[in-house]
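Here are my notes after going through the model you sent over. I've kept them as numbered points so you can follow along with the structure open.

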Amino acid sequence: MEEVLDERKKRILKAIIKTYMETGEPVGSRTISKYTDLNVSSATIRNEMSDLTDMGYIIQPHTSAGRIPSDKGYRLYVDEMMQEKEAEIAEIRDLMIEKTDKMEKVLRQVAKVLASNTNYATMISVPQYSGSRLKFIQLSRMSELQLVAVVVAEGNVIRNQIINLDEEMDDQTILKLNLLLNTNLNGLPIQDINLGMIARLKEQAGNHSSVVATVLDAVAATIHVDEEDMEIYTSGATNIFKYPELADTSKASGLISTFEEKKLLVDLVKERMADTESTGIQVYIGDEMPIQTMKDCSVVTASYELGDGMRGTIGIIGPKRMDYENVVDSLKELKVQLDQVLEKKT
């Protein structure tokens, strides 16, 4: 019967593996003693490393006093890591469902109150990620010829990607691909994953380069703003009829359909999100509007942020003679309130 590692041995093994993955050099007890969460002496660490060597979790290369992980050590590390990550993913998913439900109610209410206070039409987009760092990737077997890649980015954005295989992949290969991807990509801004890096990872993956390519597509997709995925809440569309210059049947029906179909509003939000420098208030007047049906209107938009690169857009749509000062003041105040309310909800 295999001996079970106690928590201290596990922590020391984990420190050895992480250090070795970072440096590629055999790891000595003095290096490990610098890990602040261990709180044990170098002598104790040497004894524990000796035990881990006897148990086959680490090995000592002949030319060095340091140790490197064995396949058995890597296997324990990855199994433990995957268990932690699976628990973390389940927790994140439950939390995100709860947060999304609360956020939807808040944003719908914001659009309604803003329309009521200004007497104009309003829109508000659910926050999207305009940029993010990668937290981790988990490749797991689903069936003989299928893997699932779980990609988790900063802000707990999760994307699952099914990968179809031409032939079955053994556990050792899945383990090596997990180590390859996580060692190279963890903590990296997704925007920094360039063609050179992708080519290098595919080369290191050898026969399994297509799996790496599919995983990297899923990574890129975590920050891609998809029209179908973007939620926009609107309110006060009928306020448009209060202004004679917009109440003309053809103009009003065009505006109302823009509010109902929302695709053009999504394009407007995407344009705002693409301009990462512009986080303040933006005013579009008449022909400056990218939306044809709104050429007789003015639109005032503001971005709000939830941190971790998460941004949404608030917009007020009215006649060109709208009360700009009141609208801009309302949006400035709302930005502050929205940040506070959503921060409390998270």
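1. Let's start with Asn119, which is partly exposed because its relative accessible area is 34%, a value that falls between the 20% and 50% cut-offs. Asn119 sits in the loop that runs between helix 4 (71-118) and strand 3. Have a look at its backbone too: phi of Asn119 is near 65 degrees, a positive value in a residue that isn't glycine. Keep in mind throughout that this is a predicted model.

2. Follow the chain from that loop into strand 3 (residues 121-125). Five of the five residues of strand 3 are buried, so the strand is largely enclosed by the rest of the structure. Cover comes on both faces: Ala121, Met123 and Ser125 are buried on one side, and Thr122 and Ile124 are buried on the other.

3. Which strand pairs with strand 3, and in what sense? The partner is strand 8 (residues 232-235), and the two run antiparallel, with four bridges between them. If you want a spot to click on, Met123 stands opposite Thr234 of strand 8.

4. On to charges. Side chains of opposite charge can pair when their charged atoms come close. A search of the whole structure turns up nine salt bridges. One of them joins the side chains of Arg8 and Glu48, at 2.7 Å from N to O. That pair links distant parts of the chain, with Arg8 in helix 1 (residues 7-23) and Glu48 in helix 3 (residues 42-54), 40 residues apart.

5. Is Glu48 buried or exposed? Glu48 counts as buried because its relative accessibility is 5%, and the cut-off for buried is under 20%. Arg8 comes out as partly exposed, since its relative accessible area is 34%.

6. Glu48 has another partner: its side chain also meets that of Lys9 in a salt bridge, 2.9 Å from N to O. Glu48 lies in helix 3 and Lys9 in helix 1, so this pair ties together parts that are 39 residues apart in sequence. Here both Glu48 and Lys9 are buried.

7. Elsewhere, Asp171 and Arg141 meet through their side chains in a salt bridge of 2.6 Å, N to O. This one also links distant parts of the chain: Asp171 is in helix 5 (residues 171-185) and Arg141 in strand 5 (residues 134-143), 30 residues apart. Asp171 counts as partly exposed because its relative accessibility is 47%. Arg141 is partly exposed as well, given its relative accessible area of 32%.

8. Back to the Glu48 bridges for a moment. Which residues are joined into one network by salt bridges that share partners? They are Asp6, Arg8, Lys9, Glu48 and Asp51. I'd colour those residues together when you go through the model.

9. There's a negative patch on the surface too, formed by Asp323, Glu325, Asp329 and Glu333. Of these, Glu333 lies in helix 11 (residues 324-345).

10. Last point: Val299, in strand 10 (residues 297-307). With 0% relative accessibility, Val299 counts as buried. Its C-alpha atom is separated by 9.9 Å from that of Val327, and the two residues are 28 apart along the chain.

Conventions. Residues numbered from 1 in each chain as written. Predicted model: local features only at pLDDT ≥ 70, side-chain atom pairs only at ≥ 80, totals over all residues. Heavy atoms only, no water. Buried < 20%, exposed > 50% of the residue type's maximum accessible area, 1.4 Å probe, protein only. Pairing = 2+ DSSP bridges. Patch = residues over 30% accessible without salt bridge, like charges linked within 9 Å, V, L, I, M, F, W, Y side chains within 5 Å. Areas by Shrake-Rupley, 256 points an atom, 1.4 Å probe, with all protein chains shown as cover. Salt bridge = Lys/Arg side-chain N within 4 Å of Asp/Glu carboxyl O. Lys, Arg positive; Asp, Glu negative; His and termini not counted. Charge placed at Lys NZ, Arg CZ, Asp CG, Glu CD.
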